[in-house]
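Subject: Structure handover

Hello,

Here is the structure I promised to pass on. Please open it next to this email; my notes follow below it.

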Amino acid sequence: MSRADREAAARRIMERTPPPVPPELHREAVRRGTRLLRRRRVALRVMWLVLLAASVAFTVWALTVRPWVEPPSVTTPPLTGW
């Protein structure tokens, strides 16, 4: 099949009228799209809730443990009674 034949066949296919779409297809697509959007919205809310809980847990941990404070030295005993 030459290039001209392929182009002519492609033109014939594109010039045909599209087949009719079944009427129930639109309702099914809308139902699935609505469900997909609802699931996405719930997933985003859950992710934000988890992020908020993690940040609160980290803040509480940091305030109780205080990792930025240098721990007391245990290598030398305290000098008392001089």
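Where is the place of Arg41? Arg41 sits in helix α2. One caution before the rest: this is a predicted model.

**Helix α2: the positive patch**

Arg41 belongs to a positive patch on the surface. Its other members are Arg35, Arg38, Arg39 and Arg45. Arg41 has a relative accessibility of 45%. That value puts Arg41 in the partly exposed class, because partly exposed runs between the 20% and 50% limits.

**Helix α2: the nonpolar patch**

There is also a nonpolar patch on the surface. Leu44, Met47, Trp48 and Leu51 make it up. Its area is about 470 Å². Look at Met47 in particular. This residue is part of helix α2, which covers residues 23-65. Is Met47 buried or exposed? Met47 is exposed, with 53% relative accessible area. The cut-off for exposed is over 50%, so Met47 passes it.

**Salt bridges**

How many salt bridges does a search of the whole structure find? The search gives three. As background, side chains of opposite charge can pair when their charged atoms come close.

Start with helix α1, which spans residues 3-15. Here the side chains of Arg3 and Glu7 form a salt bridge, at 3.1 Å from N to O. The two residues are four apart in helix α1, so about one helical turn separates Glu7 from Arg3. Arg3 is exposed at 59% relative accessibility. Glu7 is partly exposed at 33%.

Now go to helix α2 and find Glu28. Its side chain meets that of Arg31 in a salt bridge of 2.5 Å, N to O. Glu28 and Arg31 are three residues apart in helix α2, so the separation is about one helical turn. Glu28 has a relative accessibility of 29%, which makes it partly exposed. Arg31 is partly exposed too, at 42%.

Glu28 has a salt bridge with Arg32 as well. The closest N and O atoms of Glu28 and Arg32 are 3.1 Å apart. Both residues are in helix α2, with their positions four residues apart in the count, about one turn of the helix. Which residues do the shared partners join into one network? The network holds Glu28, Arg31 and Arg32.

**The aromatic pair**

The count of aromatic pairs comes to one. Phe58 and Trp61 form it, with ring centres 5.8 Å apart and planes at 35 degrees. Why is the pair called tilted? Stacked needs planes under 30 degrees apart and edge-to-face needs over 60, so 35 degrees leaves tilted. Phe58 and Trp61 are both in helix α2, three residues apart, about one turn of the helix. Phe58 is exposed, at 53% relative accessible area. Trp61 is partly exposed, at 42%.

**Two distances**

Take Ile13 and Leu52. They are 39 residues apart in sequence. Their C-alpha atoms are 55 Å apart in space. Ile13 lies in helix α1. With 53% relative accessibility, Ile13 counts as exposed.

Next, Leu25 and Ala62. Along the chain, 37 residues separate them. From C-alpha to C-alpha the separation is 55 Å. Leu25 is located in helix α2. Leu25 is partly exposed, with a relative accessible area of 48%.

**After α2**

One backbone angle deserves a look. Arg66 lies in the segment after α2. What is phi of Arg66 near? The angle is near 50 degrees, a positive value in a residue other than glycine. Most residues other than glycine have a negative phi. Arg66 is partly exposed, at 44% relative accessibility.

**Where to click**

If you want a short list, use this one.

- Arg35, Arg38, Arg39, Arg41 and Arg45, for the positive patch.
- Leu44, Met47, Trp48 and Leu51, for the nonpolar patch.
- Glu28, Arg31 and Arg32, for the salt-bridge network.
- Phe58 and Trp61, for the tilted rings.
- Arg66, for the positive phi.

Best wishes

Conventions: Residues are numbered from 1 along each chain as its sequence is written. This is a predicted model: local features need pLDDT of at least 70, side-chain atom pairs count only at pLDDT 80 or more; totals for chains, interfaces and linings use all residues. Side-chain values use heavy atoms; hydrogens and water are left out. Patches are made of residues with over 30% relative accessible area and no salt bridge: like charges are joined within 9 Å, nonpolar side chains (Val, Leu, Ile, Met, Phe, Trp, Tyr) within 5 Å. Accessible areas come from the Shrake-Rupley method with a 1.4 Å probe; for residues, only the protein chains shown count as cover. A salt bridge is a side-chain nitrogen of Lys or Arg within 4 Å of a carboxyl oxygen of Asp or Glu. Buried means under 20% relative accessible area, exposed over 50%, partly exposed in between (1.4 Å probe, protein chains only). Lys and Arg count as positive and Asp and Glu as negative; His and the chain ends are not counted. The place of a charge is taken as NZ of Lys, CZ of Arg, CG of Asp or CD of Glu. Rings of Phe, Tyr and Trp (its six-membered ring) pair if their centres lie within 6.5 Å; planes under 30 degrees apart count as stacked, over 60 as edge-to-face and the rest as tilted.
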